[in-house]
Amino acid sequence: MAAIDRQGSLAKIEVLQGLTPSEYTALAAKCRWRFYPKGQQIIEQDSGSADVFFVAQGQVRATIYAVNGREVTFRDLADGTSFGELAAVDGRSRSTSVVAMADTWLASLSRDQFKQTLRAHPVFVDNVLNRLVGLVRNLTERIVEYSTLGVRNRIQAELLRMAREKGVKGNRAVIAPSPKHADIASRVSTNREEVTREFGHLSREKILERRRGELAILDVQRLADMVDKVREQ
């Protein structure tokens, strides 16, 4: 368990952008720092905790468990991201469970410390508001997809979303590490067999290429056109 640069890690967190070096130092001292090995649960859905977490190093996954026990993957979060803001804002129970997907270092602020930091740093307020708006837009987009797209197109839309998150260069994108079929199935409410079938189709169409440890999207625009065509119908 190697030590990390605490101030440097906070300076890379999206919602903390714009603070001064001295402010990062002061904030690092306020944070609780903890290491989570791969597979360890960080937050349990419906729990009453209200801390805000910053992913200093590693990767976590937020999931929702339906009444029937089915697990639905909400999103994966890597270095530079944050989570837990909703409970810190409204004081209600956690809406998702969060698990470490790799060995992970997290910094956390209590609800009171989070609110104090908001009051002290207007730039932090703007960043948090932008993040919460982004969550709402993402959820709205997913609701529309579930309501209007068939399984194949939901898989395509999820691949497109992942490609854009990783960064598109020259109409191509590389998703690394390569997502498991079961994980994508959980994200779009289907089964692993449907994902395997659609991956095969996209491979034959020269849109997708599976490589060792990564997934290459060879024609991002064509993938987007496939999704948009169905949305417009």
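This report describes the pockets, one buried helix face, one buried residue and the salt bridges of a predicted model.

**Pockets**

The largest pocket has a volume of about 1,100 Å³. Its lining consists of 33 residues, and those nearest its centre are Arg75, Asp76, Leu77, Glu165 and Arg187. Two strands, β4 (59-65) and β5 (71-78), and three helices, α5 (122-148), α6 (151-166) and α7 (181-188), each supply at least two residues of this lining. The greatest contribution comes from α5, with 6 residues. Sorted by class, the lining of the largest pocket holds 13 charged, 12 nonpolar and 8 polar residues.

The second largest pocket has a volume of about 420 Å³. Of the 21 residues that line this pocket, Leu86, Ala87, Arg94, Ser95 and Thr96 lie nearest its centre. At least two lining residues come from each of β4, β5, α3 (85-90) and α5. Here α3 provides the largest share, 4 residues. The lining of the second largest pocket is made up of 11 nonpolar, 6 charged and 4 polar residues.

**A helix with a buried face**

Helix α2 spans residues 21-30, and Tyr24, Leu27 and Ala28 are buried in it. Viewed down the axis of α2, these buried residues fall within an arc of 105°, so they line one face of the helix. On the face turned away from the buried side, α2 carries the exposed residues Ser22 and Ala29. The cover over the buried residues of α2 includes the helices α1 (6-10) and α4 (111-120) and the strands β1 (32-36) and β8 (104-109).

**A buried residue in α9**

Val220 is part of helix α9, which comprises residues 220-231. Is Val220 buried or exposed? Val220 counts as buried because its relative accessibility is 6%, and buried means under 20%. Leaving aside residues up to four places away in sequence, Val220 touches Leu160, Val168, Asn171, Arg172 and Ala173. Val220 and Leu159 are 61 residues apart in sequence, and their C-alpha atoms are 9.4 Å apart in space.

**Salt bridges**

The whole structure contains 14 salt bridges. Three of the pairs are listed below with the distance between nitrogen and oxygen.

| Salt bridge | N to O distance |
|---|---|
| Glu194 and Arg197 | 3.1 Å |
| Arg222 and Glu205 | 2.5 Å |
| Glu214 and Arg211 | 3.5 Å |

Glu194 and Arg197 both belong to helix α8 (residues 192-204); because they are 3 residues apart, about one helical turn separates them. Glu194 is partly exposed, with a relative accessible area of 26%.

What does the salt bridge between Arg222 and Glu205 tie together? Arg222 lies in helix α9 and Glu205 in the loop between α8 and β10 (208-211), so the pair ties together parts that are 17 residues apart in sequence. Arg222 is partly exposed, at 33% relative accessible area, and Glu205 is also partly exposed, at 30%.

In the remaining pair of the table, Glu214 has a relative accessible area of 24% and is partly exposed. Its partner Arg211 counts as partly exposed at 35% relative accessibility.

Salt bridges also link residues into a network, whose members are Arg61, Asp76, Glu141, Arg142, Glu145, Glu158, Arg161, Asp183 and Arg187. Asp76 and Arg187, which belong to this network, are among the residues nearest the centre of the largest pocket.

Definitions and conventions: Residues are numbered from 1 along each chain as its sequence is written. This is a predicted model: local features need pLDDT of at least 70, side-chain atom pairs count only at pLDDT 80 or more; totals for chains, interfaces and linings use all residues. Side-chain values use heavy atoms; hydrogens and water are left out. On a 1 Å grid over the protein atoms alone, a cavity is a set of points where a 1.4 Å probe fits but cannot get out, and a pocket is an open set with protein on both sides within 12 Å along at least five of seven lines; lining residues have an atom within 4 Å of a point. Grid points are joined across faces, edges and corners, and a volume is the space filled by probe spheres set on the points. Ala, Val, Leu, Ile, Met, Phe, Trp, Tyr, Cys and Pro count as nonpolar, Asp, Glu, Lys and Arg as charged, and the others, Gly among them, as polar. Buried means under 20% relative accessible area, exposed over 50%, partly exposed in between (1.4 Å probe, protein chains only). The arc is that of the directions from the helix axis to the C-beta atoms. Contact means heavy atoms within 4.5 Å. A salt bridge is a side-chain nitrogen of Lys or Arg within 4 Å of a carboxyl oxygen of Asp or Glu.
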